Amino acid sequence: MQHTEAAAMGSYEALDYRHLMAAAPNSDWRQPDREIRLRLTGNMYRYIWSFDDIKYSESEPLRVKFGEHIRFTYVNETMMNHPIHLHGLWQYLDNGNGAFNPKKHVINVPPGKTVSVIVVADAEGEWAFHCHLLYHMDTGMFRRLIVEKTGQVHG
Ligand SMILES: [Cu+2]
């Protein structure tokens with residue numbers, strides 16, 4: 001049944017990430033080279049937030065190589081949503097549509113859920129990677145992601 005029909009009949013089903021699909025195929029699409037798994041962690045009583053229980057001020061940057069395709073798997077171990085924003089690179093939500101996986105800047109990870117995206121490291125440099133709830137970001141749910149140039153370094 002189409003969503004419009006369902007809505008007209010009063011049995012509306014909310015759209016979610018399963019229903020998203022790119023309008024045009026990603027010509028770069030292929031299976032990722034490796035996976036980076038990140039736990040979304042925090043403590044509601046102390047109101048502190050982190051990736052893998054390490055707050056930003058004590059963290060090392062994430063490092064990937066230019067041209068790599070990386071699966072990022074976000075495991076939300078908390079009771080809050082975390083909209084994860086990666087600057088500079090697209091996050092292709094891996095919802096089973098292959099080359100038509102939708103590309104997004106921000107991926108929401110609901111409480112207790114796991115969401116995978118594929119990142120194509122096609123822009124060199126140092127990028128911000130963080131939860132877009134600014135209190136979460138400010139209290140530690142932030143990392144730098146460095147896309148390193150491969151091959152010869154010119155001086
Ligand atoms: Cu958050």
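## Exercises on strand 5 and its sheet

In strand 8, Ile84 has Ile107 as its bridge partner. Keep this pair in view as you work through the exercises on this predicted model.

**Exercise 1.** Work out how strand 5 is joined to strand 8.

*Solution.* Begin with the pair above: Ile84 is matched with Ile107 of strand 8. Next, look at Pro83, whose bridge partner in strand 8 is Asn108. Finally, take the two strands as a whole: strand 8 covers residues 106-109, runs antiparallel to strand 5, and is joined to strand 5 by four bridges.

**Exercise 2.** Now find how strand 5 pairs with strand 10.

*Solution.* Start from Leu86, which has Phe129 as its bridge partner in strand 10. Then widen the view: strand 10 spans residues 125-131, and three bridges pair it with strand 5 in the antiparallel sense.

**Exercise 3.** Place these strands in their sheet and find which strands stand at the edges.

*Solution.* First, write down the order, 3-11-10-5-8, for an open sheet of five strands with mixed pairing. Strand 3 (62-65) and strand 8 each have a single partner strand, so they stand at the edges, and one side of each lacks a neighbour in the sheet. To finish, add the twist, which averages 20 degrees from one strand to the next.

**Exercise 4.** Sort the residues of strand 5 by face, covered or uncovered.

*Solution.* Walk along residues 82-86: His82, Ile84 and Leu86 make up the covered face. Pro83 and His85 belong to the uncovered one.

Note on methods: Residues numbered from 1 in each chain as written. Predicted model: local features only at pLDDT ≥ 70, side-chain atom pairs only at ≥ 80, totals over all residues. Buried ≥ 20, exposed ≤ 12 C-beta atoms within 10 Å, placed from the backbone. Pairing = 2+ DSSP bridges. Axes fitted to C-alpha atoms, helices over the stretch in contact; angles between N-to-C directions.
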